[in-house]
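This report walks through one protein model, beginning with the chain as a whole and then turning to its helices, a loop and its charged pairs. Please keep the sequence and the structure in view while reading.

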Amino acid sequence: MSKNRSSSADHGFSGPSQRQLRVGELIRRTLSSILQRGDVHDPDLQRASITVGEVRTSPDLKVATAYVLPLGGGNAEAVLAALRRNKGEIRHMIGHGMTLKFVPDLRFEIDRTFDRMDETRRLFDDEHVRRDLDAAEPQDD
């Protein structure tokens with residue numbers, strides 16, 4: 001390693017590598033396309049409109065976790081069960097749509113991003129938090 005190059009560990013940052021991000025996004029797009037076209041032969045998935053918010057890959061690219069949410073958030077557990085049931089077929093389809101040497105093992109989780117955003121909005125709307133935020137703003141004189 002050159003002396004000018006510093007590792008991410010030197011800065012206390014250990015986020016995903018560029019390769020992990022690229023592979024995750026490629027899997028996300030391919031998976032979204034598969035689900036949108038209805039390529040998976042499962043009635044539970046055919047009926048659902050599913051959003052794939054993010055795909056995170058392990059550092060060795062052997063595991064990919066897809067964060068999914070059915071449109072409207074309803075029936076999420078049934079959709080999650082259907083995705084897990086069909087993960088072999090989905091993995092096979094992803095392999096055909098990508099140029100990776102190995103297709104990662106797929107895992108599916110409910111995307112909680114919208115829940116966290118709602119909770120953050122609720123906190124900002126709380127009168128105590130609002131009072132503290134207003135007190136922290138600089139006054140224009």
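Of the 141 residues that make up the protein chain in this predicted model, 29% count as buried. The chain exposes about 10200 Å² in total, and carbon and sulfur atoms supply 50% of that area. Its secondary structure consists of six helices and three strands, which, when read along the sequence, follow the pattern α-α-β-β-α-α-β-α-α. Among the contacts between residues at least 6 apart in sequence, 62% join residues that are at least 24 apart.

**Helix 4 and its two sides**

Which residues of helix 4 are buried? In this helix, which spans residues 87-97, the buried residues are I90, M93 and I94. These residues lie on the same side of helix 4, because they cover an arc of only 100° around the axis. What covers the buried residues of helix 4 includes helix 1, helix 3 and strand 3. The face of helix 4 that is turned away from its buried side, by contrast, carries the exposed residues H92 and H96.

**A loop residue with a positive phi**

L61 lies in the loop between strand 1, residues 50-57, and strand 2, residues 63-70. Although L61 is not a glycine, it has a positive phi of about 65°. Is L61 buried or exposed? With a relative accessible area of 13%, L61 is buried, because the cut-off for that class is under 20%.

**Salt bridges**

Side chains of opposite charge can pair when their charged atoms come close. The structure holds 10 salt bridges, and the table lists three of them, each with its distance from N to O.

| Side chains | Distance (N to O) |
|---|---|
| R28 and E25 | 2.8 Å |
| R56 and E54 | 3.1 Å |
| E109 and R84 | 3.6 Å |

The partners R28 and E25 both belong to helix 1, which covers residues 18-37, and they stand three residues apart, which is about one turn of the helix. E25 counts as partly exposed, because its relative accessibility of 28% falls between the cut-offs of 20% and 50%.

In the pair of R56 and E54, which meet in a salt bridge at 3.1 Å, both partners can be placed in a class of exposure. R56 is partly exposed, with a relative accessible area of 44%, and E54 is also partly exposed, with a relative accessible area of 33%.

Which parts of the chain does the salt bridge between E109 and R84 (3.6 Å, N to O) tie together? E109 lies in strand 3, residues 105-110, whereas R84 lies in helix 3, residues 76-85, so this pair ties together parts that are 25 residues apart in sequence. E109 is partly exposed, with a relative accessible area of 36%, and R84, at 42% relative accessibility, counts as partly exposed too.

Salt bridges in this model are also found in a network, in which D42, D44, R47 and R85 are linked.

Notes. Residues numbered from 1 in each chain as written. Predicted model: local features only at pLDDT ≥ 70, side-chain atom pairs only at ≥ 80, totals over all residues. Heavy atoms only, no water. Salt bridge = Lys/Arg side-chain N within 4 Å of Asp/Glu carboxyl O. Helix = DSSP H or I, 4+ residues; strand = E, 2+ residues; numbered from the N terminus. Buried < 20%, exposed > 50% of the residue type's maximum accessible area, 1.4 Å probe, protein only. Arc of directions from axis to C-beta. Contact = heavy atoms within 4.5 Å. Areas by Shrake-Rupley, 256 points an atom, 1.4 Å probe, with all protein chains shown as cover.
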